[in-house]
Amino acid sequence: VSTQSTGSSGINAEYGNAQDPNCAGIEGVIHAYQTALQNVALSGPTNCAPIIRTATRYANACATTPHGGQGYLILLILTDGQFTDLQACVQAIQQAQQSPISIIIVGVGNADFSNMEYLDGDRTNSAARTRDIVQFVPFNKYCHSPSLLARELLAELPGQVEKYYTSRKIAPLGKKMH
């Protein structure tokens, strides 16, 4: 779904605050979603490569926090159909693999989401990927159970975060690498 915000630009412009695109917890995500629904016109085409590239730039910028913390970004994309810029998305995802980012795509509705499965890479040959950063979940398959939906949405996230930091020999805060 493409979005047209009311004057904001950049990541999370739909939420209305491009300077601080962060959401605190699930309540923050729900608030951002509800706010976005009031501020955008939903229509096609669905071009997601620009938001993936913007999120990647943001992830790189916040990789190290001013207080010595470690930043990692999770981009949540809700879609009711295929991305019309699939090749551009593949390229954006390949470029994002070296960044502290994971992408969770939730397919809502009964559309053909086979291209999302391709982006996920779990069931396809993803030899060009150095790190799997995409998790696709079809909402309708898990909507009957919030706990099962949450488990599927977050299933790959711990491994994605761990692989990012261990590949850079960065220990969790307060720990030393062996």
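Reader: Which residue stands opposite Ile 103 in S3, and how should I read such a pairing?

Author: In this predicted model, Ile 103 has Val 134 of S3 standing opposite. The pair belongs to a larger arrangement, since S2 and S3 run parallel and are joined by 5 bridges.

Reader: How many bridges link S2 to S1, and in what sense do these two strands pair?

Author: Strand S2, which covers residues 101–107, pairs with S1 in the parallel sense over 7 bridges. Two of the residue pairs can be followed by eye: Leu 76 has Ile 104 in S2 as its bridge partner, and Ile 77 stands opposite Ile 105 in S2.

Reader: In what order do the 3 strands lie in the sheet, and which are the edge strands?

Author: The order is S1-S2-S3, in an open sheet with parallel pairing. Strand S1 (73–79) and strand S3 (134–138) are the edge strands, each of them pairing on one side only. On average, and with direction ignored, neighbouring strands of this sheet are turned by 15° against each other.

Reader: How do the side chains of S1 point along the strand, and which of them are buried?

Author: The general idea is that side chains in a regular strand alternate between the two faces of the sheet. In S1, Leu 73, Leu 75, Ile 77 and Thr 79 point to one face and are buried, while Ile 74, Leu 76 and Leu 78 point to the other face and are not buried. For S3 the picture is one of cover, with 4 of its 5 residues buried.

Reader: Which helix lies across S2 and S3?

Author: That is helix H6, made of residues 146–154, and its direction is at about 155° to S3.

Reader: Where does this sheet fit in the whole chain, and what pattern does the chain follow along the sequence?

Author: The protein chain has 7 helices and 3 strands, and reading along the sequence gives the pattern α-α-β-α-β-α-β-α-α-α. If one takes the contacts between residues at least 6 apart in sequence, 73% of them join residues at least 24 apart. Of the 178 residues in the chain, 37% count as buried, and the chain exposes about 10100 Å², with carbon and sulfur atoms supplying 55% of that area.

Reader: Which residues make the nonpolar surface patch?

Author: Tyr 33, Leu 37, Leu 76, Leu 78 and Val 108 make this patch, which has an area of about 420 Å². Helix H1 (25–39) and S1 each supply at least two of the patch residues. Leu 76 and Leu 78 were met above, among the S1 residues that are not buried.

Reader: Are the residues of helix H1 buried or exposed, taking Ala 32 as one case and Leu 37 as another?

Author: Both residues lie in helix H1, as the placements of Ala 32 and Leu 37 show. Ala 32 is buried because its relative accessible area is 8%, where the cut-off for buried is under 20%. Leu 37, with 43% relative accessibility, therefore counts as partly exposed. Ala 32 also illustrates a distance through space: its C-alpha lies 9.4 Å from that of Asn 22, which is 10 residues away in sequence.

Reader: What separates the C-alpha atoms of Gly 44 and Thr 84?

Author: They are separated by 8.6 Å, although the two residues are 40 apart along the chain. Gly 44 is found in the loop between H1 and helix H2 (49–61), and this glycine counts as exposed because its relative accessible area is 55%.

Reader: Which side chains meet in a salt bridge, and at what N to O distance?

Author: In general, side chains of opposite charge can pair when their charged atoms come close. Here the side chains of Glu 152 and Arg 151 meet in a salt bridge, at 3.7 Å from N to O, and the count comes to 1 salt bridge. Arg 151 has a relative accessible area of 52%, so this residue is exposed.

Reader: What phi does Lys 169 have, and how should I read that angle?

Author: As a general guide, most residues other than glycine have a negative phi. Lys 169 is not a glycine, yet its phi is positive, at about 55°. Lys 169 is found in the segment after helix H7 (157–167), and with a relative accessible area of 67% this lysine is exposed.

Notes: Residues are numbered from 1 along each chain as its sequence is written. This is a predicted model: local features need pLDDT of at least 70, side-chain atom pairs count only at pLDDT 80 or more; totals for chains, interfaces and linings use all residues. Side-chain values use heavy atoms; hydrogens and water are left out. Two strands pair if DSSP finds at least two bridges between them. Axes are lines fitted to C-alpha atoms, for helices over the stretch in contact, and angles run from 0 to 180 degrees between N-to-C directions. Contact means heavy atoms within 4.5 Å. Patches are made of residues with over 30% relative accessible area and no salt bridge: like charges are joined within 9 Å, nonpolar side chains (Val, Leu, Ile, Met, Phe, Trp, Tyr) within 5 Å. Accessible areas come from the Shrake-Rupley method with a 1.4 Å probe; for residues, only the protein chains shown count as cover. A salt bridge is a side-chain nitrogen of Lys or Arg within 4 Å of a carboxyl oxygen of Asp or Glu. Buried means under 20% relative accessible area, exposed over 50%, partly exposed in between (1.4 Å probe, protein chains only).
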